[in-house]
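Me: I've got a structure open and want to know what backs up the labels people put on it. Can you take me through the reasoning?

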Amino acid sequence: MRRGNRRRFTPFSSLSRYRQRDAFVRLRWKILGDKSIYGGLFTSHLVLDEPGRPDIYRQWFDFLFLGLDGHSIWNASITTGNLRFWECAEDLATEQTRSRLTEAELEEEYRWKFSPAFYDGRQKLYRVIRPEPRRHAALDGLTVREYEEKVASEILRETPPVIHESFRLDNSYQYGIGLEIIVDAPFIDHTVIEGAILRFQELGEIDWQSPEPIPRDHLPFQTEAVAMTAAAHHGPQG
């Protein structure tokens, strides 16, 4: 990357109090304007509580809300314990799978090709061509994806990751202060988001992790791939 093309910005947390307050007031008006959609406590560019949407597709949500100090903006992402649980298991499964393959096998496995797909006179777009899945002796004759799914299932059954509810702050955001939220909830809806906001405020708008992990029986016993397949076969839930 050429240095001259790098776009730099001042993080929101480093802006003057005046500029933060100006952005705060503008967001406050937007939240009020979106009250009929989001209830008046937050706003978002995403659709929430979409009718007929299966719960498996309601595991995270991005939204904005106001800080209690009159100038802070929270740029939040809320994730269920389910999704974080799946992500941790999949990361471990990927690590274990890759450790069984040689560098040459990994290079061949992830050697994607690109084919011109469209040209409008100004820019050329390319289509990604992925190699055909290969079966590996080191993976018991399975493909990488099949072996990752096998290992992920074993992890969920035998050594499940420990997940905690938490609030994590990130001051590097250009707009607002980043806030990553993990909640013990089967899916994200209006009630869960409002509850998380109120809890964050009651705690004092700080980094926090629950001392107790999310109970194992609140988390999935099947991998995300299996859950997605089941949702596709059974249609909308609730």
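Reply: Sure. Let's start with a term: contact here means heavy atoms within 4.5 Å. Also keep in mind that this is a predicted model.

Me: With that in hand, what is F65 in contact with, leaving aside its neighbours within four places in sequence?

Reply: F65 has L27, I31, L41, F42, I73, W74, A76, L179, I197 and F200 as contacts. Each of those pairs therefore has heavy atoms within 4.5 Å of each other.

Me: What makes the largest nonpolar core a core, and which residues have the most contacts inside it?

Reply: A core is a set of buried nonpolar residues joined through side-chain atoms within 4.5 Å. The largest one has 31 residues, and F42, F61, F63, F65, I78, I181 and I193 have the most contacts inside it. They belong to the core, so each of them is under 20% relative accessible area. The elements giving two or more residues to this core are α1 (17-33), β1 (60-66), β2 (73-80), β6 (177-183) and α6 (190-203). There's also a second, separate core of 21 residues, with W86, A93, L139 and I214 among them. In soluble globular proteins, nonpolar side chains tend to be buried together.

Me: How much of the protein chain is buried?

Reply: Of its 238 residues, 37% are buried. The accessible surface comes to about 15100 Å², with 51% of that belonging to carbon and sulfur atoms.

Me: Which nonpolar residues form a patch on the surface, and what makes V128 eligible?

Reply: The patch is Y110, W112 and V128, with about 280 Å² of accessible area together. V128 sits in strand β4 (residues 124-129). A patch residue needs over 30% relative accessible area. V128 is at 40%, so it clears that bar. The 40% also lies between the 20% and 50% limits, which is why V128 counts as partly exposed.

Me: How do you know that β2 and β6 pair, and in which sense do they run?

Reply: Pairing takes at least two bridges between the strands. Seven bridges join β2 to β6, so they qualify, and the two run parallel. One of the bridges has W74 facing I177 in β6.

Me: What about the partners of β5?

Reply: Strand β5 (residues 166-170) pairs with β6 over five bridges, in the antiparallel sense. On that side, D170 stands opposite G178. β5 and β6 form a hairpin with six residues between them, and G176 in the turn has a positive phi of about 75°. β5 also runs antiparallel to β7, with two bridges joining them. Two is what the definition asks for, so β5 and β7 count as paired. In β7, W208 is the bridge partner of F167.

Me: Why is the five-strand sheet called mixed, and which strands are its edges?

Reply: The open sheet has the order β1-β2-β6-β5-β7. It's mixed because β2 and β6 run parallel, whereas β5 and β6 pair in the antiparallel sense. The edge strands are β1 and β7 (208-209), since each pairs on one side only.

Me: What makes E146 and R135 a salt bridge?

Reply: The cut-off is 4 Å between a side-chain nitrogen of Lys or Arg and a carboxyl oxygen of Asp or Glu. The closest N and O atoms of E146 and R135 are 2.8 Å apart, so the pair passes. E146 is in helix α5 (residues 144-158) and R135 is in the loop between β4 and α5, 11 residues apart. R135, at 54%, is over the 50% limit and so counts as exposed. E146, at 33%, is partly exposed.

Me: Why does R145 with E149 still count?

Reply: Their closest N and O atoms are 3.7 Å apart, which is within 4 Å, so that pair is a salt bridge too. Both lie in helix α5, four residues apart, about one turn of the helix.

Me: And E165 with R199: buried or exposed?

Reply: They don't share a label. E165 is at 14%, under the 20% limit, so E165 is buried. R199, at 31%, is partly exposed. They form a salt bridge because their closest N and O atoms, at 2.9 Å, are within 4 Å. E165 is in the loop between α5 and β5, and R199 is in helix α6, 34 residues apart.

Me: How many salt bridges are there in the whole structure?

Reply: A search finds 13. D49, D55 and R58 are linked in a network of them.

Methods: Residues numbered from 1 in each chain as written. Predicted model: local features only at pLDDT ≥ 70, side-chain atom pairs only at ≥ 80, totals over all residues. Heavy atoms only, no water. Patch = residues over 30% accessible without salt bridge, like charges linked within 9 Å, V, L, I, M, F, W, Y side chains within 5 Å. Areas by Shrake-Rupley, 256 points an atom, 1.4 Å probe, with all protein chains shown as cover. Buried < 20%, exposed > 50% of the residue type's maximum accessible area, 1.4 Å probe, protein only.
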